Amino acid sequence: GLDYDSFNGKITLKPVDAVTITPTLTYSVFEGDYDADAFNDASNTFSLDLFNPGVQLAVENGNWNVQGGYNFTETQRIFSDEYGDNEFEGRLHNADVYATYKTGDFIQLLGGLNYQHSLLPGDDEISAQTVSPYATLLLKNLYGLNAELGYRLNNHSEYGQNSTLS
């Protein structure tokens with residue numbers, strides 16, 4: 001018991017040689033049935049609507065490459081069973097911009113910033129933001145050797161800061 005319909009669209013635009021703009025759109029609808037538990041059928045149903053527009057931008061200039069993107073995700077979900085309807089709605093804004101610089105044939109530097117804002121609307125509205133700067137040093141194919149050294153700082157509006165080293 002599953003029906004899934006989806007529309008995906010993407011257009012690539014190049015206003016000049018060094019610039020690429022790519023708007024995207026995905027819209028999906030899921031509907032189906034699910035069991036009460038193992039080996040126990042039920043008349044439970046669910047539906048999920050997913051709306052996801054976005055845009056990507058890339059600018060290349062010699063050893064430099066700057067990329068950025070934004071996408072929005074809206075989710076609406078309903079699970080129905082003998083106890084009633086369980087509804088959920090969520091929204092996510094995600095933006096990321098980063099630059100890559102190639103210092104030569106083997107070394108590449110990358111730095112960027114990611115921003116996310118999530119929202120669960122309703123009477124008890126819940127939202128959170130995350131701001132994450134990051135940087136990576138890449139060693140690429142130096143006599144067959146690849147290595148990466150990276151750092152990311154996550155600053156979350158609810159749980160504070162943490163960092164990751166790779």
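**Exercise 1. Count the helices and strands in the protein chain, and say in what order they come.**

Start with the count: the protein chain has zero helices and ten strands. Here helices (H or I, at least four residues) and strands (E, at least two) are DSSP runs, numbered from the N terminus. Next, read the order from the N terminus: β-β-β-β-β-β-β-β-β-β.

Before you go on, a quick word on the model. It is predicted, so local features need pLDDT of at least 70 and side-chain atom pairs count only at pLDDT 80 or more, while totals for chains, interfaces and linings use all residues. Residues are numbered from 1 along each chain as its sequence is written, and side-chain values use heavy atoms, with hydrogens and water left out.

**Exercise 2. Work out how the radius of gyration of the protein chain sits against that of a compact globule.**

First take the rule, for C-alpha atoms: 2.2 Å times the number of residues to the power 0.38. For 166 residues, that puts a compact globule near 15 Å. Now look at the protein chain itself, which has 22 Å. As a second view, its C-alpha atoms fill a box of roughly 65 × 40 × 35 Å along the principal axes. Finally, check burial: 20% of the 166 residues are buried (under 20% relative accessible area; exposed is over 50%, partly exposed in between, with a 1.4 Å probe and protein chains only).

**Exercise 3. Find where Asn52 sits and what its side chain reaches.**

Step one, the place: Asn52 belongs to strand 4, residues 44-61. Step two, the cover: Asn52 has a relative accessible area of 19%, so it counts as buried. Step three, the side chain: it reaches the backbone oxygen of Phe72 at 2.8 Å. It also makes a polar contact with the side chain of Thr73, at 2.9 Å. (A polar contact is a pair of N or O atoms within 3.5 Å; within protein, one must be able to donate a hydrogen and the other to accept it, and residues adjacent in sequence count only if both atoms are side-chain atoms.) Step four, the company: leaving aside neighbours within four places in sequence, Asn52 is in contact (heavy atoms within 4.5 Å) with Thr24, Leu25, Thr26, Asn71, Phe72 and Thr73.

**Exercise 4. Do the same for Arg152: is it buried or partly exposed?**

Begin with its place, strand 9, residues 145-156. Its relative accessibility is 28%, so Arg152 counts as partly exposed. The side chain of Arg152 has a polar contact with that of Asn154, at 3.3 Å. Beyond neighbours within four places in sequence, the contacts of Arg152 include Asn114, Tyr134 and Ser163. Last, try a distance: Arg152 and Leu48 are 104 residues apart along the chain, and their C-alpha atoms are separated by 33 Å.

**Exercise 5. Look at phi in Phe39 and Asn141, and say what sign it has.**

Start with the background: most residues other than glycine have a negative phi. Now Phe39: its phi is positive, about 60 degrees, although it is not a glycine. Phe39 lies in the loop between strand 3 (19-34) and strand 4, and at 89% relative accessibility it counts as exposed. Then Asn141: its phi is positive too, near 55 degrees. Asn141 is placed in strand 8, residues 126-142.

**Exercise 6. Name the contacts of Asp33 beyond its sequence neighbours.**

Locate Asp33 in strand 3. Set aside neighbours within four places in sequence, and you're left with Gly1, Asn44, Thr45 and Phe46.
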